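Visitor: Could you take one loop and walk me through it slowly? After that, feel free to wander out to whatever else is worth a look.

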Amino acid sequence: MKNLILAILVASTSIATYAQKNNPFFNAIAKHKVQSDPSVEWKNFGPGMSGYNEELWCHPTDENVLFMGPDMHVAYGSWDNGKSWQTIKDSDGFGKDLERVLDIDFSRQNPNFGLALERSGTIYETKDKGRTWSLVHTLPKKKNSYTNVHTQIAIHPTNDAIWFVGAGDFWNVKENHRSKKNIHGKIHRRAQYGYVLKTTDHGKSWKKVADHISKDLDVARIIFNPKQPEKVFIATNYGFFASNDGGENWKASSKGLPNNLPRDLTSYYNPKTKEFILYLVEQTVYEPKGKSITTKGGVYKSTDNGQNWQNITGDLGVNFNKITYSHHRNNYHRALSYFLGENSKALYPKFPENTYSAFNRIVVNPINKDEIYLVANQRHDKSFGPGDAWKTTDGGKTWVICARAGEYWFTKKDKAYWEQKGNPVGANVEFSHVGRAYKEESETRFGNRLLAINSKGDVFIGIGQQTHRSSDKGASWQQIDDIETAPGSNAWIGRGDSDLPGRFMLLETGIKERYLLCSGEHGLWQTAPLGNYPDKDAVAVTQIEGQVHDYGGNHAAHSISTVAVHPNNPDVIYVLSWRQEHRGKLRRTQNGGKTWENISTIFEGKNSPHQGLAMMYSLTIDPTEPNTMYFCSIRKPISEVGKSVKEEVLKKGGYGVYKSTDAGYTWKLYNNGLPQQSSVRRIVMDPKDSNILYACLNKSSGKEPAGLYISKNNAKTWKKMDIPSEIQGVNDIFIDRNTNDMYLSCGYRNGALESGGVWKSSNKGKSWKKFFKAPYVWQTEVSPINSNIITVNVPAQVATKFNQFKNPGIYLTKDAGKTWSKINKGIGQPDKMVDVKPDPYNENIIWSAAWGSGWFKAIIK
């Protein structure tokens with residue numbers, strides 16, 4: 001019978017529950033990958049794109065199919081033209097698949113077949129239009145390198161067994177900056193350079209081509225001529241090259257290009273007329289001319305397969321003498337100084353009458369060859385404005401700024417100049433919560449990160465922390481990340497594509513069904529009424545601390561690690577922040593989040609004000625003596641975004657257990673009895689006796705002192721508790737308020753299977769029994785209303801230990817541990833779910849927070 005159960009586990013497409021006797025379930029999930037219980041599915045409620053999305057891909061023939069690759073190790077797909085998004089990562093995998101997608105391409109023969117290139121050098125394929133993906137090839141890595149970046153993947157237009165992959169790190173706009181000194185860009189250890197890879201057998205074997213050009217060849221684009229697919233073109237950091245024999249041999253082809261330094265390449269093809277056109281945007285080159293500069297670059301097209309290039313730059317240039325906005329002028333000098341390697345403001349103070357930015361992306365409407373779009377990334381690519389996107393609808397004769405965001409456009413500065421130039425004025429980009437809080441995202445501060453166009457001509461850009469679409473040729477832009485429950489409500493329902501670093505969730509807040517949600521970089525949120533929104537299972541949230549507040553230019557706290565509510569007044573809320581604005585401070589609101597104030601500074605650092613200090617957690621208020629408060633600062637954080645700084649970086653503060661006896665105004669460390677250099681990851685107050693606290697000491701490398709400690713005198717002294725010797729690191733303790741049962745979540749990232757798991761005590765810690773078998777567990781939670789319902793949160797281990805436990809993620813028992821289900825369906829980061837909790841009012845609901853994809857809700861069917 002045991003062997004039969006194991007066989008079913010391996011072969012089954014879904015997992016129900018299995019008897020715990022003899023641990024067949026745990027043995028199976030350790031040895032074999034099994035799928036999640038389909039009766040529990042997580043829905044991401046966001047908020048939507050609250051982090052940075054740097055790539056978006058459109059299916060070449062299906063206008064409804066889109067993909068995006070945000071920067072927090074997530075990837076999403078949409079099959080309804082952006083109305084909703086779902087993870088395309090394997091919810092039952094290790095979590096490392098499709099962490100940072102660099103390119104996606106689809107077959108022109110079979111629209112269901114596509115390929116995705118991930119930054120680790122892995123290639124995934126889909127046979128169902130991107131709903132599911134499987135690994136097909138891993139490119140050989142350089143020694144001692146985690147990443148193996150290649151830039152582009154392209155599928156042959158008439159034979160989808162033929163693929164090309166370009167080497168390099170061309171699209172690393174945060175680091176790969178061009179300048180006069182480094183005109184071909186920079187070389188980075190995370191990538192390999194010098195070739196294009198070609199396969200003719202669906203990835204089974206590969207050969208290097210185009211490897212004679214330069215050992216530092218960095219490939220930007222690979223494009224086929226659909227009419228003559230033996231003609232292949234590459235745009236690289238060393239110029240434009242063409243092949244007439246399917247990529248076997250390559251020749252430079254740059255007649256008409258002023259610099260032959262392509263920044264991007266795209267193409268137009270009319271299947272009826274067979275017309276094929278290449279479009280290229282050059283790297284902008286600035287050269288001194290007296291007290292000013294000249295500008296050389298622009299936009300070009302070729303109608304003869306790249307043999308000759310025609311200038312279509314038209315009136316793209318801007319007379320910078322007419323730009324009076326100081327931020328744009330400062331950005332101009334910043335970009336120019338970097339490119340020239342000289343002090344532009346001192347040496348070239350005279351503004352040019354005709355210049356333009358370093359544009360880095362170009363697309364053409366596939367149904368209109370004369371409609372072309374350009375963008376530049378002002379924030380990261382050493383470029384300048386005005387404008388977030390430009391367009392032409394007459395083939396390049398005239399150009400206008402079609403995406404206009406920020407104060408410059410909002411207040412219609414330099415209106416007369418732009419009207420004289422034939423350019424619309426006024427802002428035309430819609431934002432949700434973050435942009436609305438700032439009135440509008442500033443193009444000088446954030447800039448545009450992406451550019452894509454779908455098969456019917458909808459254009460996509462990414463300004464600041466939102467993804468936008470235009471369906472009216474750039475006249476207006478709407479965000480496609482969030483839904484507002486009603487106009488002006490500021491209550492948002494994410495569409496499923498969150499890039500927000502989810503943190504701690506407080507579900508019992510003194511107000512029924514008001515949940516408080518901490519986030520990295522986006523403050524504190526609370527659940528909000530749905531109003532007339534039709535889906536009553538959806539979750540709306542509104543920000544009550546963070547970008548929504550702007551106190552005369554002084555921003556509120558952005559990265560909230562932990563939150564607590566006064567036991568006698570639910571309008572009094574406390575938060576701690578570990579980085580960015582108000583880092584290291586205890587903040588308080590006394591009116592439910594309308595206004596906030598700092599009441600103490602606990603940590604100060606010698607590093608940059610926006611960098612992190614000590615990670616903080618477990619902010620706890622004594623319910624019998626509310627002036628007494630506690631939290632822990634974590635020396636070795638394991639689930640938090642970022643890491644704690646070394647103690648020498650701290651000008652004020654340290655690590656361990658903090659206590660305040662005056663409602664948070666002053667704090668002291670209470671580490672008496674705790675070992676030196678220990679990492680206190682969590683502290684928990686006994687639900688029946690607030691004098692008793694427990695401290696969980698975790699490990700990260702296996703060297704730190706670890707274990708479970710108890711204080712029976714309000715943290716004045718600590719004593720180590722006896723726990724099983726095989727436990728290596730205690731990450732959390734949960735005490736069931738109804739049964740008094742205690743649950744230890746144990747293990748560490750490099751640990752063995754036996755050293756972790758969940759241990760249970762029903763006699764206040766006098767004896768312990770293993771309750772859940774896994775090498776590494778972050779958290780165990782019991783439902784406050786049904787002690788039979790328990791969730792366990794299992795992260796992934798280090799990559800070398802993946803074979804030890806193949807099923808990280810969330811586990812559920814509804815019968816106090818007799819049977820278990822894995823419930824990962826719908827989550828995109830099973831390896832790092834940072835908080836998981838049963839609902840305190842409805843035993844059929846579970847909540848979770850993800851390291852980089854917001855918050856989730858699941859209903860147990």
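**A loop glycine and what lies around it**

Guide: Let's start with G290: leaving aside neighbours within four places in sequence, it is in contact with L347 and Y348, where contact means heavy atoms within 4.5 Å. Before going further, a word on the ground rules: this is a predicted model, so local features need pLDDT of at least 70 and side-chain atom pairs count only at pLDDT 80 or more, while totals for chains, interfaces and linings use all residues. Numbering runs from 1 along each chain as its sequence is written, and side-chain values use heavy atoms, with hydrogens and water left out.

Back to G290, which sits in the loop between β21 and β22. Helices (H or I, at least four residues) and strands (E, at least two) are DSSP runs, numbered from the N terminus. G290 counts as exposed because its relative accessibility is 62%. The cut-offs are under 20% relative accessible area for buried, over 50% for exposed and partly exposed in between, with a 1.4 Å probe and protein chains only. As for L347, its C-alpha is 8.7 Å from that of G290, although 57 residues separate the two in sequence.

The strands on either side of that loop turn up again with helix α3. The cover over the buried residues of α3 includes β21 (285-289) and β22 (292-296), along with α4 (344-347) and α5 (407-410). Those buried residues are H328, N331, Y332, H333, A335, L336, F339 and L340. A general point helps when you read such a list: an α-helix has 3.6 residues a turn, so residues three or four places apart point the same way.

The length of α3 works out too. The expected span is 1.5 Å times one less than the number of residues, so the 15 residues of α3 (326-340) should cover 21 Å, and its end C-alpha atoms are indeed 21 Å apart. Right after α3 comes G341, with a positive phi near 75°. One more stop here: K382 lies over the face of Y338, 5.0 Å from the ring centre. For this, NZ of Lys or CZ of Arg has to be within 6 Å of the ring centre and within 35 degrees of the ring normal. Elsewhere, the charged end of R682 is placed over the ring of Y617, 3.2 Å from its centre.

Now for a strand residue. I362 belongs to β25 (361-365), and at 2% relative accessibility it counts as buried. Not counting residues up to four places away in sequence, I362 touches D264, L265, T266, Y279, L280, V281, V299, I372, Y373, L374 and L451.

Next, the rings. Phe, Tyr and Trp rings (the six-membered one for Trp) pair if their centres lie within 6.5 Å; planes under 30 degrees apart are stacked, over 60 edge-to-face, and the rest tilted. By that rule there are 44 aromatic pairs. Take Y515 and Y841: with centres 6.4 Å apart and planes at 15°, this pair is stacked. It links distant parts of the chain, 326 residues apart, with Y515 in the loop between β35 (502-506) and β36 (516-519), and Y841 in the loop between β63 (833-838) and β64 (845-850). Y515 is buried at 4%, while Y841 is partly exposed at 30%. F631 and W667 make an edge-to-face pair, since their centres are 5.0 Å apart and their planes at 65°. F631 is buried at 0%, and W667 is buried at 14%. There's also an aromatic cluster made of F25, F26, Y743, F771, F772, Y811 and W820.

Last, a sheet. Two strands pair if DSSP finds at least two bridges between them. One open sheet has four strands in the order β41-β42-β43-β44, with antiparallel pairing. Its edges are β41 (559-566) and β44 (597-601); each has a single partner strand, so one side of each has no neighbour in the sheet. Inside, four bridges join β42 (569-579) to the antiparallel β43 (585-589), and L576 stands opposite L586 in β43. On the edge strand β41 you'll find S559, which is buried at 0%. Beyond four places in sequence, S559 is in contact with S519, G520, E521, L576, S577, W578, R579 and Q580.
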